[in-house]
Amino acid sequence: MIVKILVIEDNKGVCSMIEMFFAKEGIEGEFVNDGLEGYIRFKNGTWDALIIDWMLPGMDGVTICRKIRDEKFTVPIIMLTAKDSESDQVLGLEMGADDYVTKPFSPLTLMARIKAVTRRVQNQEHKDQDNVIKTERFKVNKITREVFVDETQVTNLTPKEFDLLSYMVEHPRQVFSREQLLERVWGYQFYGDERTVDVHIKRLRKKVETTSQPFFHTVWGVGYKFDDAVKTDEV
C-alpha cells in the first residue's frame, strides 16, 4: 500500500530533501508552501500523515493542527519546528501533533518518525476493526456499544440486551441453547432462570426486528440463533 503524505513547508530546500527520501521509501508526497493553501489541500484530499512546519505564511502550523483536531480528523501529524524550547514542543503536542522534529534534522530521523506514527495508527485501526462486528444488515461496535441496523442506530438497548445481541451477531447462524447463552452472556452456569433468555430475546425482537424479516430465530427443542440473511418465507 502506497503511503500518501501532505507536507506543508515553505522552505523549498527542505521540501526537496524530503521529496528525495520519499522517493526512496516509495512514499507519495504532495508539497504546499503556504499554510492556508495547505489546510485547504488537506480538506480536499485523503492522507496517511501530515508534516507541517511551525512557521508558515498564510496560516501557521499550530493553527492548522488545532483546526484539524477541532474538526475531529485523526490523521497523524508531525510538526517541523526551529523552536526547541520545551514549552514550544508541549504547545505543539497540546494542539494535537503526534510528534515533532526540530530543525535542522536528519531525513533519516524524519523517516523513522513517519514510520512510527503511521504504524501506531495502523495498529489502532486493526484493533478497532477487531471490535466492530459487521453482518449483512448489522454493525455492532463493542467498544462504543453502538448498534446499527441498515445504517440506523438502535439507541434503546439495555446493557444486557446489548451483550446478548453482540454475542449472537458475532456468531451468525450458530444455534445456542438457553443454558449456553446464560453461561456466555450472563457469566454463570445455569444459576439463572432460562426464561431470562426468552425475555431478552423477546425484547430484542421488538427493538430491532421488522415485520418483514426476523433476525432472532427460535430453533425448536434447542434454543436460538441469529441470522439477518434469512428471509421470512425460509423460517
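This passage describes the overall make-up of a predicted model, then helix α8 and its packing against α7, and finally some backbone features in loops.

The secondary structure of the protein comprises eight helices and 12 strands. Of its 235 residues, 40% are buried. Contacts between residues at least 6 apart in sequence were also examined, and 52% of these join residues at least 24 apart.

Helix α8 rewards a closer look. This helix covers residues 195-208, 14 residues in total, and at 1.5 Å a residue it should span 20 Å; the C-alpha atoms at its ends are 20 Å apart, so expectation and model agree. The buried residues of α8 are V197, H200, I201, L204 and V208. Viewed down the helix axis, the buried residues fall within an arc of 105°, and they therefore line one face of α8. On the face turned away from this buried side sit the exposed residues R195, K202 and K206.

The packing partner considered here is α7. Two packed helices are conveniently described by the angle between their axes and the distance between those axes. For α7 (residues 178-186) and α8, the angle is about 80° and the axes are 9 Å apart. Because angles of 65 to 115 degrees count as roughly perpendicular, the two helices α7 and α8 are assigned to that class. On the α7 side, the contact involves R178, L181, L182 and W186, which meet T196, V197, D198 and H200 of α8. By character, the residues of this contact divide into four nonpolar, two polar and two charged. Two of the residues that α8 brings to the contact, V197 and H200, also belong to its buried set.

The loops hold some backbone details worth a friendly pointer. Most residues other than glycine have a negative phi, and most peptide bonds are trans. Against that background, the peptide bond joining K103 and P104 is cis, with omega about -10°. P104 is placed in the loop between β5 (99-102) and α5 (107-130).

Positive phi values occur at E151 and at R173. E151, which is not a glycine, has a phi of about 70° and lies in the loop between β8 (146-149) and β9 (152-154). With the cut-off for exposure set at over 50%, E151 counts as exposed because its relative accessibility is 74%. For R173, likewise a residue other than glycine, phi is near 65°. The loop that holds R173 runs between α6 (159-170) and β10 (176-177).

Note on methods. Residues numbered from 1 in each chain as written. Predicted model: local features only at pLDDT ≥ 70, side-chain atom pairs only at ≥ 80, totals over all residues. Heavy atoms only, no water. Helix = DSSP H or I, 4+ residues; strand = E, 2+ residues; numbered from the N terminus. Expected span 1.5 Å × (residues − 1). Buried < 20%, exposed > 50% of the residue type's maximum accessible area, 1.4 Å probe, protein only. Arc of directions from axis to C-beta. Axes fitted to C-alpha atoms, helices over the stretch in contact; angles between N-to-C directions. Parallel < 35°, antiparallel > 145°, perpendicular 65-115°, else oblique. Contact = heavy atoms within 4.5 Å. Nonpolar A, V, L, I, M, F, W, Y, C, P; charged D, E, K, R; others polar.
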